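Here are some short exercises to work through with the model open in your viewer. Try each task before you read its solution.

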Amino acid sequence: MAKLGTEAIRNLAVDIINENPQGIRYTELRKKILGLHPETPANTINGSIWDLDSKRPDSVLKPVRGLY
């Protein structure tokens, strides 16, 4: 498969967060995305999701540090 771009990573992250209504830790979210798309560099994933709550405030809530 092809590497994911920033927007595709963010879309996937929002989907994963929505599948986990109890919340998901940053590291778990990163590992799930990397597991689904191992061809995507880990640093690209990190750079795409670290500020997800400010990039997608309408769909992502970050109640405490590291928890989405």
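Buried means under 20% relative accessible area, exposed means over 50%, and partly exposed is in between (1.4 Å probe, protein chains only). The model is predicted, so local features need pLDDT of at least 70 and side-chain atom pairs count only at pLDDT 80 or more, while totals for chains, interfaces and linings use all residues. Residues are numbered from 1 along each chain as its sequence is written, and side-chain values use heavy atoms, with hydrogens and water left out.

**Exercise 1. Sort Asp53, Met1, Arg10 and Ser48 by burial class.**

- Start with Asp53: its relative accessibility is 27%, so it is partly exposed.
- Met1 comes out at 76%, so call it exposed.
- Arg10 has 11%, which means it counts as buried.
- Ser48 is at 1%, so it is buried too.
- For the whole protein, buried residues make up 35% of the 68 residues.

**Exercise 2. Write down the secondary-structure pattern of the protein.**

- Use DSSP runs, numbered from the N terminus: helices are H or I with at least four residues, strands are E with at least two.
- That gives four helices and zero strands.
- Reading along the sequence, you get α-α-α-α.

**Exercise 3. Work out which side of helix H3 is buried, and what covers it.**

- H3 runs over residues 42-49, and its buried residues are Ile45, Ser48 and Ile49.
- These cover an arc of only 80° around the axis, so they sit on the same side of H3. The arc is that of the directions from the helix axis to the C-beta atoms.
- An α-helix has 3.6 residues a turn, so residues three or four places apart point the same way.
- The cover over the buried residues of H3 includes helix H1 (6-19), helix H2 (26-36) and helix H4 (52-55).

**Exercise 4. List the contacts of Ser48 and Arg10, leaving out neighbours within four places in sequence.**

- Contact means heavy atoms within 4.5 Å.
- Ser48, in helix H3, touches Thr6, Ile9 and Arg10.
- Arg10, in helix H1, is in contact with Gly47, Ser48, Asp51, Leu52, Lys55 and Arg56.
- Now zoom out: among contacts in the protein with a separation of 6 or more, 56% are between residues 24 or more positions apart.

**Exercise 5. Find what Met1 and Asp53 touch beyond four places in sequence.**

- Met1 is in the segment before H1. Its contacts are Leu36, His37 and Glu39.
- Check the distance to Glu39: the two residues are 38 apart in sequence, with 7.2 Å between their C-alpha atoms.
- Asp53 belongs to helix H4 and is in contact with Val60, Lys62 and Tyr68.
- Between Asp53 and Pro63, 10 residues apart along the chain, the C-alpha separation is 9.7 Å.

**Exercise 6. Test the radius of gyration of the protein against the compact-globule rule.**

- Take the radius over C-alpha atoms; the rule is 2.2 Å times the number of residues to the power 0.38.
- For 68 residues the rule gives a value near 11 Å, and the protein has 11 Å, so the two agree.
- Along its principal axes, the C-alpha trace spans about 35 × 20 × 20 Å.
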